[in-house]
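Dear colleague,

I am passing a structure on to you, and since you have not worked with it before, I have set out below what was found in it. Please look at the sequence and the structure first, and then read on.

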Amino acid sequence: ASLYNDLNNAIKDLRGFDVVFEMEWIPRIMNREPDELCNAVLDDRAVDSSVRSSAQHTDLTIDRLFRILQLIRDKKPVAPRSLSMELSKIWRDLVFHIVAKYPVAVEGDSPSAVAYGGSSKVFVRLLFMILPSLIRVGGPLYVSKPEEHRKMRQHLQMLQDTEYLHHCLHVLEEQLTSDRPKRDPLPKRSMTAAQINSYCSRGIYRKCYDVENVELALPTPENIGLIKQGLPVSELPAPLHESPQTVATIAFRKLREIIGKKMQNGKSPGLSGWTRELLFPLFCTEVHPIAEAALTGIFNDIANANLSEGEKTFFRTTILTPLRYLDKVKIRALMLTDVILKVCWKSLLTEIKDDFVLKTGQVHGRKGQSALAVLAIQMALNEDQVVVSLDISNAFPTLKRDTFMEYVKNHRDWWQIIPLLNMMYTVVVSARWYLSDGKMNFIEFLVTTGTLQGCASGPQLYVCGTVETTAKFGASIIQMADDINVC
C-alpha cells in the first residue's frame, strides 16, 4: 500500500510538468515480471529471473469452461451468499451483460466459441454457472470494511471487461487446482444477541433457535457405513418417452414468483454457488427485455434438460450433508441439489394440480398431516389398541423409482416434468460428502433408488410413488405414513 501511494504521488508530480501518459490495466498473467519485482522487494530477496509473462491469454473456449466447472464440482469453492444493496445492482448489470447474447446464441457446444459472449448457448450457460465463484476472486469472502467494499465494487464492474474476465478465470482455475488450508469444524456455541438480530433483520428466523438432538456427522467409518446402509442399490428405471407434449414452458413471471415468494434467504447453495440472495436482484427488480428473454431461456433449457452431458453431470452431483441424531443411532443424509435446479423443479411442480397427491398429506385441507395415518390410528384406538409412534425408516431413499415414474407416465398433469425427471432419476446420482481436510477431498456415494431428500422434487415424487403403490395393491396392503406421533 505504501509503494502504491509513493507511485501515486510521483504521477501527480509528473502531471505538473505537462507529461502525458496513459494508465492501462494488464492481467497479472501477462505482467508477471513487474509483479515478481515488487514481491522480491517486499520479501527482501533476489528477483527470480525465471518468472516470465504469457504472451497472450489462453483462449476462452468451451473446453476450458468445462474444465473449470469440473474443478468446481470436485473442490466445491466457497462463494459469498449475498451482496449489499449497492453491490447487488452492479452484480445484476454484470449478469445481464454475460447472458445478453443467449436469446440469439446457437445450439450446440462447439469448442469454436472463443470470444467473450460466445457463439453457443452452452458457452453462455457455463459462464452463468461459474459467475458466483468469480465473486471471491476479486476480494474477501465477507465484505465489511469500506476499503473491501470499494475493491469488490471495482472487481464486479471490471468483470464486464473481456481481458479482466480472462484473468479472473485464470486465477480461479489456479485456486481450484491448489490445496486449501485445513479447516477444523467449529465448536457449537450459543448465538449472541447481535447475531440473532442480524438473522432476524434478513428474515432468516430458523437460524435463531438451536436443535439439541441433531449435529453434523463426522466422517468416521461407522457414520460412512450408516449412510451406505441407507442408500440401497437398485436397478434404474427406463426413461419415460419425451414428446412435444412433455416440453416445459416456464414464464419469467413464474421464475420471479418462485424466487421472490417461494424461496427463503439463508438456504445452503449448491455447487454453483447461486443462492436466492444472488438471484433476487436479477428477477425481482427492473429487468431489461433482452435480459428477461435470456434468463427465461436459460432456465427453460435446464428444465427441459436441453444441456450438454457435462452440464447434466454437474446438476446430478449433490452435496451430501449427513445429520446425526444424538438420541439414537441414525443418520439422515440430506442431498442438496443446486439452487438453479431447485428453481426449475419448484416452477414446474407448483403448476401441477393433482388432488391425489396434493391432498394425500392433508387433514381437512390443512397441510402437514396424513389423513390415512390419522384414520388408521383412530381405528386402532377404537379397538382398544395403543399407538405410540408411526415412522418409516429411511423413507425417501428406499422408495423404488419405478413407482413414481409409472405415476407420472399415467397422469397427463405431470408430463412437463418428464425431461427433468429423466435427467435426474433414470441415471446414477452422485452424492458427495465434501471434507475440509486441506485438499477438499470428498466421499462419494452413488444413489440409484428413492427420491432425493434435500431436493425440491423429493417430497412430491415420494407421494406419487406411495399413491401409485396403493392404487396397484390397495386390496392387500395398508397405506404407510411417515413421522406421525401420538401423545
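What follows goes from the whole chain to one pair of helices and then to two single residues.

Please keep in mind throughout that this is a predicted model. The mean pLDDT of the protein chain is 80, and 73% of its residues reach 70 or more. One stretch calls for particular care, namely residues 110–118, over which pLDDT stays under 50, although the model does have 28 contacts for this stretch beyond four places in sequence.

As for the chain as a whole, the protein has 20 helices and nine strands, and of its 487 residues, 44% are buried. Among the contacts in the protein chain with a separation of 6 or more, 75% are between residues that stand 24 or more positions apart. The accessible surface of the protein chain comes to about 26400 Å², and carbon and sulfur atoms account for 54% of this surface.

The pair of helices is helix 10, which covers residues 252–262, and helix 14, which covers residues 339–349; they pack at an angle of about 110°, and their axes are 10 Å apart. Because angles from 65 to 115 degrees count as roughly perpendicular, helix 10 and helix 14 are described as roughly perpendicular to each other. On the side of helix 10, the contact is made by Lys254, Leu255, Ile258, Ile259 and Lys262, while helix 14 contributes Val343, Lys346 and Ser347. Sorted by class, this contact of helix 10 with helix 14 has four nonpolar residues, one polar residue and three charged residues.

Two residues deserve a separate look for their backbone angles. Lys76, which is not a glycine, nevertheless has a positive phi of about 50°, and its place in the chain is the loop between helix 3 (62–75) and helix 4 (85–99). With a relative accessible area of 25%, Lys76 is partly exposed. The other residue is Ala305, whose phi is near 55°, again a positive value in a residue other than glycine. Ala305 lies in the loop between helix 12 (289–303) and helix 13 (309–315), and, with a relative accessible area of 13%, Ala305 is buried, since a residue counts as buried when this area is under 20%.

With kind regards

Notes. Residues are numbered from 1 along each chain as its sequence is written. This is a predicted model: local features need pLDDT of at least 70, side-chain atom pairs count only at pLDDT 80 or more; totals for chains, interfaces and linings use all residues. Side-chain values use heavy atoms; hydrogens and water are left out. pLDDT is the predictor's confidence in each residue, from 0 to 100. Contact means heavy atoms within 4.5 Å. Axes are lines fitted to C-alpha atoms, for helices over the stretch in contact, and angles run from 0 to 180 degrees between N-to-C directions. Helices (H or I, at least four residues) and strands (E, at least two) are DSSP runs, numbered from the N terminus. Angles under 35 degrees count as roughly parallel, over 145 as roughly antiparallel, 65 to 115 as roughly perpendicular and the rest as oblique. Ala, Val, Leu, Ile, Met, Phe, Trp, Tyr, Cys and Pro count as nonpolar, Asp, Glu, Lys and Arg as charged, and the others, Gly among them, as polar. Buried means under 20% relative accessible area, exposed over 50%, partly exposed in between (1.4 Å probe, protein chains only). Accessible areas come from the Shrake-Rupley method with a 1.4 Å probe; for residues, only the protein chains shown count as cover.
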